[in-house]
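Got the model loaded in your viewer? Let's take a short walk through it, one selection after another.

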Amino acid sequence: MEVGFVGLGLLGQAMVKRLSSQGVKVTVWNRSLEKAKVSGLPYVETLEELIDKEETIFLCVKDSQAVEDLLTQMSPYLKDKIIIDTSTNCLSKVLEFHRFLKEKGGFYLECPVLGSVIPAEKGQLTLLISGEEKVFEKVKPLLQILSQRCFYLQTPGKATKAKLINNYLLALIMEALASAIVLGENIGFNKEELLNILENGAGNSYVLKVKKEALLKENFIPHFSLENLIKDLNYAEELFKTFSGIALEGALVKELYRIGINLGLKDKDFSAIYYVLKSLQTQTSG
C-alpha cells in the first residue's frame with residue numbers, strides 16, 4: 001500500500017509512524033518543509049508533486065481554513081483522487097469539502113479521529129468516517145491500521161458532528177475533574193489520595209485514566225493542545241447554536257480554557273486546565 005500524507009504535527013507524525021511501521025509506503029509533505037526532511041520518510045517539496053504521485057492522500061492539519069487552502073491548491077489535480085481528511089473541521093466547511101471534491105471528480109472522506117498521539121502510534125484510534133461507501137471500503141485496510149474501531153457513518157457531516165460532540169464532552173469532563181481536584185486539595189486531600197478515590201468511584205473515566213499521571217506530576221506535555229481544544233469548542237458552539245440553541249455550559253467552560261491561553265499555556269496539553277483553575281483559586285483567595 002502507498003499513500004501521501006500532509007500535516008506533520010504531533011498527531012500527524014504519530015499516524016505516519018504507525019502507517020510506516022505496518023509496511024505502508026508513506027510519502028510526506030508539510031508546509032514547513034523542514035519537518036518533512038527530518039521525518040526519515042520519502043518526501044516531496046511541493047504539494048503538486050505529492051498529488052501527482054499518489055492516488056490516496058491523508059490530511060491532518062490544524063483547522064478548516066488549512067484544509068480549504070490545501071484543497072484549493074490541489075484543485076486542478078483532484079480528479080479520481082481520494083482525500084482522507086482526519087482534521088477536525090467545522091460542519092459547514094466539511095459539507096463544502098464534500099461538494100468541492102465531487103465537482104472536481106475526486107472523493108472526499110471526512111475521517112476525524114478520537115484519541116491522540118499515543119493511541120495513534122499504537123493503532124488504537126477510533127475513526128469516524130463519512131463519505132461514499134465504495135471509497136470507504138477501498139481504503140478500509142489503511143484505516144484499520146490506524147484504528148481499534150471504525151464507525152462508518154456514511155452521511156456527509158455526520159462524522160464531524162460526532163467528533164464535535166465528543167470533544168465538547170471531553171472539555172466538560174476534563175474541567176470537572178480538574179475542579180474536583182482543586183476543591184479536594186483546598187479541603188485537605190493530597191492529589192494522589194484523591195485521584196485514587198475518584199478512580200474507584202463515580203469519578204472514574206477514560207479521561208482520568210489517561211490524564212492521571214499528567215495531573216499528579218503537573219507535567220502538561222501536549223498530546224492534545226489547549227489551543228486545539230478551544231478551536232474544536234468554537235466549532236462545537238456553532239453546531240449547538242445551529243441545531244439546539246446556545247450550549248451554555250460549553251460556552252462557560254470554553255472561557256476557562258481561554259484563560260489558559262492568556263496564561264501562556266496554548267501549546268500545553270488541555271489537561272493544564274487544572275493549572276488554570278488552581279491559579280484562579282489562588283488569585284481569589286489572595
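We'll start with a strand and its neighbours, then move on to a pocket. Keep in mind that this is a predicted model.

**Stop one: strand β3**

Select residues 56-59, which make up strand β3, and show the side chains. Thr56 and Phe58 point one way, while Ile57 and Leu59 point the other way. Whichever way they point, all are buried. In general, side chains in a regular strand alternate between the two faces of the sheet.

**Stop two: the neighbours of β3**

Now add residues 2-6, strand β1: β1 and β3 run parallel and are joined by 3 bridges. For one pairing to look at, pick valine 6, whose bridge partner in β3 is leucine 59.

Next, bring in strand β4, residues 82-85, which pairs with β3 over 4 bridges, also in the parallel sense. Stay on leucine 59 here, as it stands opposite aspartate 85 of β4.

To follow the connection, colour helix α4, residues 64-74. Together, β3, α4 and β4 form a right-handed β-α-β unit.

**Stop three: the second largest pocket**

Which residues should you select to find the centre of the second largest pocket? Try His98, Lys102, Tyr108, Glu132 and Pro156, the closest to the centre among the 14 that line this pocket. The space inside comes to about 240 Å³.

Then highlight α5 (91-103) and β5 (107-110), each of which gives the lining at least two residues. The largest share is from α5, with 5 residues. Colour the lining by residue type to finish: 7 are nonpolar, 4 polar and 3 charged.

How values were computed
Residues are numbered from 1 along each chain as its sequence is written. This is a predicted model: local features need pLDDT of at least 70, side-chain atom pairs count only at pLDDT 80 or more; totals for chains, interfaces and linings use all residues. Side-chain values use heavy atoms; hydrogens and water are left out. On a 1 Å grid over the protein atoms alone, a cavity is a set of points where a 1.4 Å probe fits but cannot get out, and a pocket is an open set with protein on both sides within 12 Å along at least five of seven lines; lining residues have an atom within 4 Å of a point. Grid points are joined across faces, edges and corners, and a volume is the space filled by probe spheres set on the points. Ala, Val, Leu, Ile, Met, Phe, Trp, Tyr, Cys and Pro count as nonpolar, Asp, Glu, Lys and Arg as charged, and the others, Gly among them, as polar. Buried means under 20% relative accessible area, exposed over 50%, partly exposed in between (1.4 Å probe, protein chains only). Two strands pair if DSSP finds at least two bridges between them. A crossover is right-handed if, with the strands pointing away from the viewer, the path from the first strand over the helix to the second runs clockwise.
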